[in-house]
Amino acid sequence: MIQHLLEEEQRGYKRLHQRPRCLILVPTRELASQVLEEVKRLSHFAKVSSCAILGGEAYNIQKKVLLGKVDLVVASPGRLVQHEKLRNLELQEVTHVVIDEVDTMLTQGFGADIKWVALLCVSLTGKYFSFVISIVYDR
């Protein structure tokens, strides 16, 4: 994803306020923190901005970040839906969605939010779209 964002920048893509291009949905704060840390490490030399938005954290700070130019958002599905419904971000520029540990999120009751985000992204973009979904499998 980061490579794709970098290539778009090199082709002259103009970053827009409130319009991330990639979403990573995660079930927990701990995982969000790990994912965001890795995204920042991998995109250190690229002009890629990222943030995390999660329930239980300061809503107004998240809103301020989302109103800026953010390329990649790591989020819990519920908080992402809240921000989108209040127009703090718009999803029509999203081309990549990662749904990490989808099995965990489904057992936590996020099924409707995940479906809503996926259908909204597909219907708004009207262009090439990439989904990656992971599950945890214990033997």
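## A tour from K85 to S76

Start by selecting K85 and W116: the charged end of K85 sits over the ring of W116, at 5.3 Å from the ring's centre. The model on screen is a predicted one. If you then look for paired aromatic rings, the count is zero.

**Stop 1: the largest nonpolar core**

Select L23, V73 and L80. In the largest nonpolar core, which has 22 residues, these three touch the most other members. To see where the core comes from, colour the elements that each supply at least two of its residues: the strands β1 (22–25), β2 (50–53), β3 (72–75) and β4 (96–99), and the helices α4 (77–85), α5 (102–107) and α6 (111–125). Helix α6 gives the largest share, four residues.

Now keep L23 selected and show what surrounds it. Which residues is L23 in contact with, leaving aside its neighbours within four places in sequence? They are V73, L80, L91, V94, H96, V97, V98, V117 and C121.

Apart from this core lies another one, made of 16 residues. To find it, select I2, C22, V26 and A32, which are among its members.

**Stop 2: R21 and its partners**

The next stops concern charged side chains. Side chains of opposite charge can pair when their charged atoms come close. In this model, the count of salt bridges is eight.

Select R21 and E9. They form a salt bridge in which the closest N and O atoms are 2.8 Å apart. R21 is in the loop between α1 (2–10) and β1, while E9 is in helix α1 itself; the pair links distant parts of the chain, twelve residues apart.

Is R21 buried or exposed? R21 is buried, because its relative accessible area is 1% and the cut-off for buried is under 20%. E9 also counts as buried, at 17% relative accessibility.

Keep R21 and add D71. This is another salt bridge of R21, and here the closest N and O atoms are 2.8 Å apart. D71 lies in the loop between α3 (59–66) and β3, 50 residues from R21 in the chain. With a relative accessible area of 2%, D71 is buried. Add E8 and R15 to the selection to complete the picture: salt bridges that share partners join E8, E9, R15, R21 and D71 into one network.

**Stop 3: R19 and E90**

Clear the selection and pick R19 and E90. A salt bridge joins them, with 3.0 Å between the closest N and O atoms. R19 is in the loop between α1 and β1 and E90 is in the loop between α4 and β4, so the salt bridge ties together parts that are 71 residues apart in sequence. R19 counts as partly exposed, at 23% relative accessibility, whereas E90 counts as buried, at 14%.

**Stop 4: S76**

Finish at S76, in the loop between β3 and α4. S76 counts as buried because its relative accessibility is 9%, and buried means under 20%. What does S76 touch, not counting residues up to four places away in sequence? Select V26, I53, L54 and G55 to show these contacts of S76. V26 has appeared on this tour already, as one of the residues of the 16-residue core.

Definitions and conventions: Residues are numbered from 1 along each chain as its sequence is written. This is a predicted model: local features need pLDDT of at least 70, side-chain atom pairs count only at pLDDT 80 or more; totals for chains, interfaces and linings use all residues. Side-chain values use heavy atoms; hydrogens and water are left out. A nonpolar core is a set of buried Ala, Val, Leu, Ile, Met, Phe, Trp, Tyr and Cys residues joined through side-chain atoms within 4.5 Å. Buried means under 20% relative accessible area, exposed over 50%, partly exposed in between (1.4 Å probe, protein chains only). Contact means heavy atoms within 4.5 Å. Rings of Phe, Tyr and Trp (its six-membered ring) pair if their centres lie within 6.5 Å; planes under 30 degrees apart count as stacked, over 60 as edge-to-face and the rest as tilted. A charge sits over a ring if NZ of Lys or CZ of Arg is within 6 Å of the ring centre and within 35 degrees of the ring normal. A salt bridge is a side-chain nitrogen of Lys or Arg within 4 Å of a carboxyl oxygen of Asp or Glu.
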